[in-house]
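User: I am new to this structure and would like a close look at a single part of it. Please start from one residue, go on to its surroundings, and then connect them to the rest.

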Amino acid sequence: MSILATFQAALSPWNLLLALAGVVAGTAIGAMPGLTATMAVAVLVPFTFTMDPASALILLGAIYTGAIYGGAYSAVLLNTPGTPSAIATTFDGFPMAKRGDGDLAITLACLSSVVGGLVGAFALLLLAPPLAAVALAFGPVEYFWLAILGLTLVAALSDGDGWKGAVGACVGLLLSMIGSAVVGGDIRYTLDTQFLLGGIDVVPALIGLFCIPVLIDLVVSREEHLELEGKVAGFRLGEAVRIALANKINLARSSTIGTVIGMLPGAGGSIAALVAYSEARRASSDPASFGKGNPAGIIASESSNNATVGGGFIPTLVLGIPGTPVDAVVLGALLVQGIKTGPSLFREQSAIAYTFIVGLIVATLLMLPVGLVLGRYAYRSIIAVPKNLLVPGIAFLTIIGSYAIHNNVDDVIVMFGTGVLGWGLSRFGFAPAPIVLGLILGPLAEQGFVQAWMIGSATDNLLGMYFGRPISLAIIFMAALTLLYPTFSRLYYERKTRRGAAPPP
Amino acid sequence: MALRRPPDRGAALVAALLMAVAAAALWQSRELSPLGAIFPRTIGVALLAAGCVVLWRSLRGSAPSSRGLPREGWLRGVLMIVVMGLWIGLLERAGFAVASVVAFFALALVTDREPPTPARLLRFLAVALVVVIGFQLLFVQGLKVQLPTGSWFAGR
């Protein structure tokens with residue numbers, strides 16, 4: 001498919017409408033405190049089932065990018081990040097709102113999100129195809145180690161306790177084994193029921209795991225009304241453009257940081273925003289003004305968190321390894337569509353891949369008018385939706401959405417069961433994301449592991465099969481780095497702090 | 001010196017339960033073929049090992065404290081789970097529309113913290129009707145999803 005045809009497909013009126021609807025829906029959901037970008041995508045996934053794969057991907061990408069930006073509204077005006085990735089936006093956004101510059105902060109967040117999103121999407125366009133060509137050389141054992149690399153995400157997704165994350169990942173892997181084995185065809189752990197014979201479907205499970213715990217916590221918690229600080233009275237676009245141009249280095253650096261961090265397993269928007277914020281502050285000539293309403297802080301945070309969208313899609317599409325929990329949801333949606341992500345996607349279904357990437361670029365561009373208009377006119381009504389209607393509304397979407405997967409109540413039961421299980425586990429520190437990761441990566445890991453075992457046993461070189469191939473070793477090294485980096489980093493800072501606190505000789 | 005917290009018995013109990021699940025998975029793997037059993041055994045052992053560490057850390061107080069079950073508002077949480085369970089149970093009997101309107105209304109009541117007045121109840125019912133009918137139309141007409149009409153209302 002030529003580039004022109006790809007653009008034509010992505011820019012069809014239907015796909016443009018989907019991109020627009022996705023950005024609006026994502027921004028609205030992301031703006032509501034407590035509702036994450038992962039939940040926004042998970043709850044809206046079922047709307048894509050009857051679409052063609054490229055359109056479905058465009059809609060999901062647009063929801064994702066809109067939700068990440070939407071988090072900035074409540075970060076600026078409520079001092080509460082709408083999504084975790086907007087946490088660094090509160091540092092300077094809220095002080096700006098308090099001094100009456102809330103409208104400027106929102107417009108700056110919008111501009112920065114668009115620039116960051118575009119950098120991430122272009123990185124996806126330029127880097128994904130060559131990486132896919134390299135990934136074609138992967139054999140079963142490389143896929144096994146890739147799945148393990150993906151599972152190292154748990155270190156970042158486990159709410160502060162990596163061991164609980166490991167337990168969660170193992171639970172997800174065990175859940176993925178229910179039903180027919182990927183190699184050998186054994187029927188496993190079905191409790192002799194027809195219901196579990198087909199296994200645990202990924203999509204209803206992840207809708208349940210990501211949405212139901214949030215809903216139960218919303219019902220249990222007392223918070224009802226949120227007070228807005230400051231107001232959004234105008235766009236102040238010219239002023240925002242001038243500030244953004246004056247911060248062009250910050251914008252470029254933060255967008256690059258976001259793209260690179262998005263590509264790493266587990267390091268999503270919140271980590272990217274915090275790293276970019278810290279770098280912006282370090283590089284600034286006036287670091288003391290950060291945290292007191294410096295627009296550069298918003299630029300760093302918002303450009304980097306939106307850049308993770310495109311960056312995160314690189315491992316998702318090229319290797320089938322989700323970079324972030326939202327990517328895991330998108331991966332699940334693609335499985336329903338019958339699309340197998342991985343290097344062959346860019347060879348066998350390149351039209352879908354490129355149409356999606358161009359669609360993501362279009363959705364990011366649409367974020368500018370949508371973000372500005374929503375920020376100016378609709379923000380109050382978005383956060384004014386009372387909890388007593390929000391909760392049943394989202395619960396309704398989870399039910400109808402999981403039913404729509406196969407027109408079957410069994411999927412609704414799986415959604416609800418995994419959701420309640422996820423809530424119970426999350427109350428004791430076992431976050432749902434590692435479980436989802438295990439569930440998604442389980443079949444890939446098992447297939448690679450067992451096939452490599454068979455080849456290794458047949459050639460009498462089991463150890464060499466797993467540890468003797470150069471690509472495998474490189475992936476093992478990356479997995480070890482991802483797992484050990486937080487520990488080394490903590491030790492380094494502890495040592496540095498001790499040195500700083502030690503009295504001078 | 002490492003920071004010590006009070007023992008997190010809840011997290012320890014969950015870890016112990018998950019270890020029991022791992023043990024059951026290992027036990028069941030005896031009935032599988034060698035190929036089908038490799039991965040369950042590997043993951044079962046990994047879950048046992050990681051569960052052991054979590055159990056130990058939770059009892060020693062060296063793991064981050066978990067939130068535990070909610071002490072306030074837990075009844076609302078339980079009611080929500082019950083309402084959603086009934087909702088799913090009624091989908092094929094009462095039909096999607098009826099079950100959803102009733103459950104939407106009930107969930108709004110469970111979530112609401114204000115005293116119920118006729119005006120509020122009417123508002124909940126109106127929103128429930130609009131949302132359910134709107135989405136039912138979208139899914140049935142637009143996305144061609146066949147939603148259950150309900151065995152209770154099927155012609156005899």
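Analyst: **From one residue outwards**

At 44% relative accessibility, Leu483(A) falls in the partly exposed class; buried means under 20% relative accessible area, exposed over 50%, and partly exposed in between, with a 1.4 Å probe and protein chains only. This is a predicted model, in which local features need pLDDT of at least 70, side-chain atom pairs count only at pLDDT 80 or more, and totals for chains, interfaces and linings use all residues. Residues are numbered from 1 along each chain as its sequence is written, chains are lettered from A and ligands numbered from 1 in the order in which they are written, and side-chain values use heavy atoms, leaving out hydrogens and water.

Leu483(A) is part of helix α22 of chain A. Helices (H or I, at least four residues) and strands (E, at least two) are DSSP runs, numbered from the N terminus. The C-alpha atom of Leu483(A) is separated by 42 Å from that of Leu17(A), which is 466 residues away along the chain.

Helix α22 covers residues 470–501 and also holds Ser472(A). Ser472(A) has a relative accessible area of 0%, so it is buried. Leaving out residues up to four places away in sequence, Ser472(A) touches Val141(A), Glu142(A), Trp145(A) and Tyr466(A), where contact means heavy atoms within 4.5 Å. Phe144(A) is 328 residues from Ser472(A) along the chain, and their C-alpha atoms are separated by 8.9 Å.

The chain as a whole comes next. Among contacts in chain A between residues at least 6 apart in sequence, 79% join residues at least 24 apart. Its secondary structure comes to 22 helices and two strands. The radius of gyration of chain A is 22 Å, close to the 23 Å of the globule rule for 505 residues, so chain A is as compact as a globular protein of that length. That radius is taken over C-alpha atoms, and the rule is 2.2 Å times the number of residues to the power 0.38. Along the principal axes, the C-alpha atoms of chain A fill a box of roughly 70 × 65 × 55 Å. Of the 505 residues in chain A, 61% are buried.

Helix α18 of chain A, residues 387–406, is another element to follow. From its first C-alpha to its last, this helix of 20 residues reaches 30 Å, close to the 28 Å expected at 1.5 Å a residue; the expected span is 1.5 Å times one less than the number of residues. Because 19 of its 20 residues are buried, α18(A) is largely enclosed by the rest of the structure. After α18(A) comes Asn407(A), which has a positive phi of about 50° although it is not a glycine. Asn407(A) belongs to the loop between α18 and α19 (409–427) of chain A, and its relative accessible area of 34% makes it partly exposed.

Asp192(A) is also not a glycine, yet has a positive phi of about 60°. Its loop runs between β2 (187–188) and α10 (202–220) of chain A. Asp192(A) is exposed, with a relative accessible area of 80%.

Chain B offers a helix for the span rule too. Helix α2 of chain B, residues 34–60, has 27 residues and should span 39 Å at 1.5 Å a residue, which agrees with the 39 Å between its end C-alpha atoms. Gly61(B), just after α2(B), takes a positive phi of about 80°.

Nonpolar side chains form the next layer of the picture. A nonpolar core is a set of buried Ala, Val, Leu, Ile, Met, Phe, Trp, Tyr and Cys residues joined through side-chain atoms within 4.5 Å. The largest one has 193 residues, and those touching the most other members include Phe346(A), Ile399(A), Met84(B) and Trp87(B). Helix α4 of chain A, residues 53–78, gives the most to this core, with 16 residues. A second, separate core has eleven residues, among them Ala88(A), Ile261(A), Ala272(A) and Ala296(A).

Ala296(A) is also one of the residues touched by Asn250(A), along with Ala280(A), Ile299(A) and Ala300(A), not counting residues up to four places away in sequence. Asn250(A) lies in helix α12 (residues 248–263) of chain A and is buried, with a relative accessible area of 6%.

Cysteines close the account. The whole structure has zero disulfides over all chains, a disulfide being a pair of cysteine sulfur atoms within 2.5 Å. For Cys52(B), the closest cysteine sulfur is in Cys170(A), 12 Å away and therefore too far for a bond. Cys52(B) is partly exposed, with a relative accessible area of 42%, whereas Cys211(A) is buried at 0%.
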